[in-house]
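Please open the model in a viewer and keep the sequence panel visible. The stops below are given in the order in which they may be selected.

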Amino acid sequence: MENYIVSARKYRPVTFDTVVGQGSLTTTLKNAIQSGRLAHAYLFCGPRGVGKTTCARIFAKTINCLNPRQDGEACGECESCAAFNEGRSYNIHELDAASNNSVEDIRVLIEQVRIPPQIGKYKVFIIDEVHMLSQAAFNAFLKTLEEPPQHAIFILATTEKHKILPTIMSRCQIYDFKRMGVNDIVGHLKHVAEQENIKAEDAALNIIAQKADGGMRDALSIFDQVASFCGGNITYQQTIENLNVLDYDYYFRLTDFFLEGKITECMLTLNEILAKGFEGQYFITGLSSHLRNLLVSQDAQTVELIETSDEVRARYKEQAQRCQPKFLFRAMKLANTCDLNYKQSPNKRLLVELTLIEMAQLSSDDGESSGLCPTKILKPIFQALRAQQAPQKVSAPHVVQEKAASDQTASTNTPTEVAAQPKRVNTPHSATIPSLGGGGLRGFSIRHLQESNQKQQEATIQAAVEKPTYENQPVNPMNLTVAWREFAQNLPQEDRAMSFQMDNMEPLLQEDGHTILVIVENPSVQGELQKMQPRIEAYLRQRLQNNMLHLITRQREATEKQHFFSRREIFNMMLEQSEALRKLTEEFELELA
């Protein structure tokens with residue numbers, strides 16, 4: 001049996017032209033060799049498996065070739081090239097800095113630098129993972145790196161450029177290797193498959209290329225693994241099964257469900273995905289990429305940004321035609337929000353399910369929205385369950401109240417019927433509570449509630465201006481504080497700073513019973529408060545039913561200290577003002593904790 005050689009070693013490039021995905025760097029190196037402008041030190045940086053050490057070896061072989069070709073490549077036949085190909089060349093020395101990172105190892109290397117080459121012009125020293133050298137080893141290497149003999153060339157390779165000392169980098173020509181594109185990896189994998197007589201589907205090779213994340217060595221290792229699993233016929237289904245990759249068909253199906261508003265199907269599909277062992281965050285990340293691909297597929301100029309097979313790209317184009325850009329944009333924002341909140345969520349499955357439900361509601365939402373959630377009423381989710389409960393249908397409380405109100409105004413109602421109908425109880429300052437009954441779930445947001453409170457406050461002030469006469473009821477200091485807080489908390493968004501200031505002020509009712517003193521900390525706050533004085537007075541007069549209320553302000557003196565009431569003091573004040581609270585406390589022997 002022949003010794004098996006993995007594809008990453010068997011198909012390792014031996015010339016600059018066979019290097020994949022690094023065309024600009026190889027061209028620069030070839031031009032430097034042809035023109036004779038060789039530096040004494042090079043630094044090759046980049047991710048793993050992109051060809052740093054391979055290019056260093058090809059470079060060392062080419063500069064020592066006795067009969068170089070006109071295109072800058074080595075001939076591969078001379079004594080120097082033959083020694084390199086057979087692994088017996090004394091002109092090339094490789095040092096693994098990960099395991100040889102001491103000062104003594106660098107001293108041994110320096111001793112070898114002094115010996116001139118026997119064949120060829122240069123001795124090339126390749127130091128791999130150079131960032132692993134110790135601080136003392138770097139310092140011992142500095143002088144030799146700056147002024148080496150004319151026959152010595154150093155090539156330093158690293159995956160972590162930021163760990164290299166600036167003094168080392170300043171003595172080298174720096175070459176940054178980039179990650180390889182999916183198309184470059186797929187093209188090379190096709191070549192390897194042809195050489196090995198292996199049949200491979202384009203979709204399967206695309207999955208392998210994406211899994212490799214820009215590294216050719218990783219791609220070849222995965223290729224060997226999948227080829228062993230498939231037995232020489234690499235298919236898409238077998239590839240995703242072996243690599244544990246989620247089938248992209250799930251994302252196409254889910255998008256169709258989103259467009260059709262099929263929430264039940266979305267939930268069942270998610271359950272199927274989780275049952276196969278995929279994590280929710282992995283799924284939501286893939287869904288985000290799918291939505292992004294749909295967005296770029298809507299323009300013929302950007303469709304090439306999708307790194308996939310032609311068959312899958314055609315499916316993206318077809319589905320993108322049925323998606324509105326607004327829907328895709330809002331769905332991507334929902335997926336991104338879910339991804340950001342996934343790790344902090346105690347119920348991760350519920351978070352993903354809520355995201356899918358909101359996405360399925362986007363297609364039926366035609367109103368303006370911030371893009372984070374639908375603004376209209378959500379449709380019923382589980383139609384089958386609602387159909388089973390239809391015979392036991394009970395009217396929601398707010399529906400009964402509305403019906404009773406309409407019956408009261410009807411001329412056909414008798415006095416007995418009117419008396420039996422429930423009455424709606426309205427308080428002058430109660431906020432509207434959103435109802436959750438009826439056919440579906442009503443949208444509710446804090447912003448809408450704040451806007452409602454602001455409109456109510458404006459209506460109160462307007463009513464106070466139009467009807468400035470009240471019964472001048474006695475003012476309770478506790479009620480004054482509550483009304484003051486209400487006004488501060490319902491200020492519009494542009495007055496948020498003043499709202500915070502007012503919320504920390506204490507309105508003091510003076511002895512005359514209608515003058516309100518507010519002590520401020522600085523002149524700027526006093527000026528803002530005086531600008532709002534007509535609005536504050538109008539609101540307090542209407543709220544407390546006293547037309548004689550008047551607001552005055554003054555700055556706090558340097559020697560004056562602000563008094564904050566303790567919980568015990570506040571409780572005692574409440575006992576003095578409320579007879580019912582005092583009786584309740586005495587009857588049940590309650591104490592303040």
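## Two helices that cross

Select helix H8 (residues 182-195) together with helix H9 (residues 202-212): their axes come within 9 Å and cross at roughly 125 degrees. An angle over 115 degrees but not over 145 falls outside the parallel, antiparallel and perpendicular classes, and H8 and H9 are therefore oblique to each other. The crossing of this pair, H8 and H9, is right-handed. To view the contact, show the side chains of Val182, Ile185, Val186, Leu189 and Lys190 in H8, which meet Asp202, Leu205, Asn206, Ile208, Ala209 and Gln210 in H9.

Continue to aspartate 213, in the loop between H9 and helix H10 (216-230). Its phi is near 60 degrees, a positive value in a residue other than glycine. Most residues other than glycine have a negative phi. Aspartate 213 is partly exposed, with a relative accessible area of 48%.

## The whole chain

Zoom out before the next selection. This is a predicted model. The chain contains 27 helices and 10 strands, and 40% of its 593 residues count as buried. Among contacts with a separation of 6 or more, 70% are between residues 24 or more positions apart.

## A second helix pair

Now select helix H14 (residues 280-296) and helix H17 (residues 348-362), which pack at an angle of about 25 degrees with their axes 11 Å apart. That angle makes H14 roughly parallel to H17. The contact is made by Gly280, Phe283, Ile284, Leu287 and Leu291 of H14 and by Val352, Thr355, Leu356 and Met359 of H17. H14 passes H17 in a left-handed crossing.

## Helix H5 and its surroundings

Which residues of helix H5 (residues 103-113) are buried? They are Ile106, Leu109, Ile110 and Val113. These residues lie on the same side of H5, because they cover an arc of only 100 degrees around the axis. An α-helix has 3.6 residues a turn, so residues three or four places apart point the same way. Display the elements against which the buried residues of H5 pack: strand S2 (92-96), strand S3 (123-128), helix H6 (135-146) and strand S4 (152-158).

Centre the view on isoleucine 106 of H5, which is buried with a relative accessible area of 0%. Beyond its neighbours within four places in sequence, isoleucine 106 is in contact with Leu133, Ala137, Ala140 and Phe141. A distance label between the C-alpha atoms of isoleucine 106 and alanine 136 should read 9.7 Å, for two residues 30 apart along the chain.

Next, select glutamate 129, in the loop between S3 and H6. Phi of glutamate 129 is near 50 degrees, again a positive value in a residue other than glycine. Glutamate 129 counts as partly exposed, at 23% relative accessibility.

## A glutamate in a loop

The last selection is glutamate 73, in the loop between helix H3 (52-63) and helix H4 (79-85). Is glutamate 73 buried or exposed? Glutamate 73 is buried, with a relative accessible area of 1%. Its side chain reaches the backbone nitrogen of aspartate 17 at 3.0 Å. To complete the view, show the residues in contact with glutamate 73, leaving aside neighbours within four places in sequence: Thr15, Phe16, Asp17, Lys30, Thr62 and Pro68.

Note on methods: Residues are numbered from 1 along each chain as its sequence is written. This is a predicted model: local features need pLDDT of at least 70, side-chain atom pairs count only at pLDDT 80 or more; totals for chains, interfaces and linings use all residues. Side-chain values use heavy atoms; hydrogens and water are left out. Buried means under 20% relative accessible area, exposed over 50%, partly exposed in between (1.4 Å probe, protein chains only). Helices (H or I, at least four residues) and strands (E, at least two) are DSSP runs, numbered from the N terminus. The arc is that of the directions from the helix axis to the C-beta atoms. Contact means heavy atoms within 4.5 Å. A polar contact is a pair of N or O atoms within 3.5 Å; within protein, one must be able to donate a hydrogen and the other to accept it, and residues adjacent in sequence count only if both atoms are side-chain atoms. Axes are lines fitted to C-alpha atoms, for helices over the stretch in contact, and angles run from 0 to 180 degrees between N-to-C directions. Angles under 35 degrees count as roughly parallel, over 145 as roughly antiparallel, 65 to 115 as roughly perpendicular and the rest as oblique. A crossing is left-handed if the near helix is turned anticlockwise from the far one by less than a right angle, and right-handed if clockwise.
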